[in-house]
Amino acid sequence: MVTIGRNLSYYETLKELLSGDLDFHGKNTNHASHNFHAFAAKFPPQLPAKFIRELTNPGEKVLDPMMGSGTTIVEAYLSGRMGIGFDIDPLSLKIAKVKVTSIDTEEAAYTGQLLIQRAMAAVENKREELDGELRTRWDLKTKEFVDYWFEYETQIELISLVNEIKTIENHDLRNFFEIILSGIVVTKSGGVSLALDLAHTRPHRAKVVFHKVDRVREEDSPVYDVSLQHSAHSIKYIRSALWEFKKKLRQNLDSLPGRYFDTIPARIDVGDAKKLPLNDSSVDLIVTSPPYPSNAIDYMRAHKFSLVWLGYAIDDLSQKRQRYIGSDATRGDLLSLLPTHSENVVRTVTKEDVAKGRSLRRYYTEMSEVLTEMYRVLKPGKAAIVVVGSSKIKGVDSDTGNCLKEIGEIVGFEIPKVGIRRLDRDRRMMPVQYNVDLTSQIQQRMHEEFVLGCYKS
Ligand SMILES: C[S@@+](CC[C@H](N)C(=O)[O-])C[C@H]1O[C@@H](n2cnc3c(N)ncnc32)[C@H](O)[C@@H]1O
């Protein structure tokens, strides 16, 4: 911890941090509970850690109003700060909560073993009951979704796991197992579902399915001459959900955060970043990464694959999806003019595609509301670190870094520097783009993120 203001003012320290390495390539990003569950576009833990350690003291409040999988909150927790996290996504809330809840490893291992044994026994001996549940569990639309995206055998295994998880009385443990279940469904490659890719805006369903030999029931593996009939983009190897659950359980048990000393319980709540339930001038630091513009990563589209198993209905989830920042749903009240540069970018996109232009206008308007709210809750003399990426919309760069800098300054922030972060595409779950010219300038910009240091004087 650098003593703030000893040699450099807080403002100078902020500038210096933004000029340093923000890529963190080659760093281990899986320590503690960070790898509990895949999450699209989560940032490396080293990023919030750097700002938390250098810009706050133990005991102070660190906020992430769009916390996603809770990377900032976990790092605040591990370093003895009070993490405060909000999100509107039900899966995000569950993941983040589990990641900062200390759980007895032995109890979790024992309960998990028992749970798997019982689920396996149910799959073998109570198929009719499980089948009956699959028929009656969901409304028609949700059932159609499940039938389209999950093989029958996978459904039987998942419902048997769901039933066993439901019987766990300890709330924290139940959440821990729900996240494991979700973690075998929501992965970049679509986990145990038939989806080939959940990082893509529109997941595709496998045309040819192979069953891995570790499948509990493996007698029906089809054999196809793949090379003749199908491209690699249509083939999926599906494993048993029971097997995957067992594997993920072992992995998460190994990385349980354990009992750290001097930790402060985190506050994690459902909340809209545009209207935070926090007092004025009450937090010491904000580190956050808002969604990408133009719905480039559609969280709900991926998360519903596991949320249907955790009791949600497709229609409810679609309703929620419209409230996400960056959503393409129309908001009738958005007639306001944006500041000059942002307005120009929106108009350029609108010329290419009216609906996309409207969606980008909504994004910048809502981000203006979010930045205003961040300014309100931040203490004077403190900073908000906002990590954003650009989207390519109909060939136009959304220029998110510059637009949000412009908007942030209008809100009242001083933004001394915008740091650049080069993405490690191999490691980060990002939207997939096929057939792109990697040498083009705009394409290179899509491989960068901008780290805005917003200072409230
Ligand atoms: C890029 S992700 C954050 C990832 C996070 N930094 C991490 O490391 O996991 C953006 C998050 O913003 C959330 N979000 C979208 N609209 C929101 C809103 N109106 N209020 C709060 N959170 C919102 C999404 O659900 C998503 O979890």
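The ligand site of the predicted model is described below, followed by the confidence of the prediction.

The ligand is surrounded by 24 residues, and the closest of these are S69, T71, D87, A273 and S289. By residue class, the shell around the ligand comprises 13 nonpolar, six polar and five charged residues. The space that the ligand takes is the largest cavity of the protein.

Polar contacts to oxygen atoms of the ligand involve both side-chain and backbone atoms of the protein. In the side chain of S69, an N or O atom is placed 2.6 Å from an oxygen atom of the ligand. For D87, the distance between a polar side-chain atom and an oxygen atom of the ligand is 2.7 Å. F43 contributes through its backbone, where an N or O atom lies 3.2 Å from an oxygen atom of the ligand. The ligand taken alone exposes 600 Å², of which the protein buries 100%.

Across the protein, the average pLDDT is 88, and 86% of the residues reach a score of at least 70. Two segments of low pLDDT are noted here. Over residues 214-228 the pLDDT stays under 50, and the model has 29 contacts beyond four places in sequence for this segment. Residues 432-436 also stay under 50 in pLDDT, with nine contacts beyond four places in sequence in the model.

Technical notes:
Residues are numbered from 1 along each chain as its sequence is written. This is a predicted model: local features need pLDDT of at least 70, side-chain atom pairs count only at pLDDT 80 or more; totals for chains, interfaces and linings use all residues. Side-chain values use heavy atoms; hydrogens and water are left out. A residue is near a molecule or strand if one of its heavy atoms lies within 4 Å of it. A polar contact is a pair of N or O atoms within 3.5 Å; within protein, one must be able to donate a hydrogen and the other to accept it, and residues adjacent in sequence count only if both atoms are side-chain atoms. Accessible areas come from the Shrake-Rupley method with a 1.4 Å probe; for residues, only the protein chains shown count as cover. On a 1 Å grid over the protein atoms alone, a cavity is a set of points where a 1.4 Å probe fits but cannot get out, and a pocket is an open set with protein on both sides within 12 Å along at least five of seven lines; lining residues have an atom within 4 Å of a point. A molecule sits in a cavity or pocket if more than half of its atoms lie within 2 Å of its grid points. Ala, Val, Leu, Ile, Met, Phe, Trp, Tyr, Cys and Pro count as nonpolar, Asp, Glu, Lys and Arg as charged, and the others, Gly among them, as polar. pLDDT is the predictor's confidence in each residue, from 0 to 100. Contact means heavy atoms within 4.5 Å.
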